[in-house]
Amino acid sequence: MAFRKLTLKQQLKGVNAALNSPRIPKQLKAGLKKRAKQLRKQIDKKSTLWSRVFED
């Protein structure tokens, strides 16, 4: 079975699902929020880069 990396959007979707889950301990929520913020920043940076490449 081949291991495939998750995209940034897939990672963010999983982090958001974990944040909304009642089963996640309070201790992990701060770290998950920090990770979500990092992922959003990376996604924004990547989309901005691609828009510059293809801009007319």
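Select Lys 9, Lys 13 and Asn 20 in helix H1. These three are exposed, on the side of H1 away from its buried residues. Keep in mind that this is a predicted model.

**Turn H1 over**

Now pick Leu 12, Val 15, Ala 18 and Leu 19, the buried residues of H1. They cover an arc of only 125° around the axis, so they sit on the same side of the helix. Next, show the C-alpha trace of H1. The helix has 13 residues and reaches 18 Å from its first C-alpha to its last. That is close to the 18 Å expected at 1.5 Å a residue.

**Pull back to the whole chain**

Show everything. The protein chain has two helices and zero strands. It counts 56 residues, of which 14% are buried. Switch on the surface: the chain exposes about 5500 Å². Carbon and sulfur atoms supply 58% of that area.

**Into the core**

Hide the surface. Which residues make up the largest nonpolar core? Select eight: Leu 12, Val 15, Ala 18, Leu 19, Leu 32, Ala 36, Leu 39 and Ile 43. Colour them by helix. H1 (8–20) and H2 (26–53) each supply at least two of these residues.

Centre on Leu 12. Leave aside its neighbours within four places in sequence. Leu 12 is then in contact with Ala 36, Leu 39, Arg 40 and Ile 43. Of these, Ala 36, Leu 39 and Ile 43 are also listed in the core.

**Gly 14**

Go to Gly 14, which lies in helix H1. Is it buried, partly exposed or exposed? Gly 14 has a relative accessible area of 38%, so it counts as partly exposed. Draw a distance from its C-alpha to that of Ala 36. The two atoms are separated by 9.4 Å, with the residues 22 apart along the chain.

**Arg 35**

Cross to helix H2 and select Arg 35. Its relative accessible area is 31%, so Arg 35 is partly exposed. Show its contacts, not counting residues up to four places away in sequence. Arg 35 touches Gln 11, Val 15 and Gln 42. Val 15 is one of the buried residues of H1. Now draw a C-alpha to C-alpha distance from Arg 35 to Asn 16. The viewer should give 9.8 Å, for residues 19 apart in sequence.

**Ala 30**

Stay in H2 and move to Ala 30. Where does this residue stand on exposure, buried or exposed? Its relative accessible area is 56%; the cut-off for exposed is over 50%, so Ala 30 is exposed. For the last distance, link the C-alpha atoms of Ala 30 and Leu 19. They are separated by 9.4 Å, and the residues are eleven apart along the chain. Leu 19 is itself a core residue, and one of the buried residues of H1.

Definitions and conventions. Residues are numbered from 1 along each chain as its sequence is written. This is a predicted model: local features need pLDDT of at least 70, side-chain atom pairs count only at pLDDT 80 or more; totals for chains, interfaces and linings use all residues. Side-chain values use heavy atoms; hydrogens and water are left out. A nonpolar core is a set of buried Ala, Val, Leu, Ile, Met, Phe, Trp, Tyr and Cys residues joined through side-chain atoms within 4.5 Å. Buried means under 20% relative accessible area, exposed over 50%, partly exposed in between (1.4 Å probe, protein chains only). Helices (H or I, at least four residues) and strands (E, at least two) are DSSP runs, numbered from the N terminus. Contact means heavy atoms within 4.5 Å. Accessible areas come from the Shrake-Rupley method with a 1.4 Å probe; for residues, only the protein chains shown count as cover. The expected span of a helix is 1.5 Å times one less than its number of residues. The arc is that of the directions from the helix axis to the C-beta atoms.
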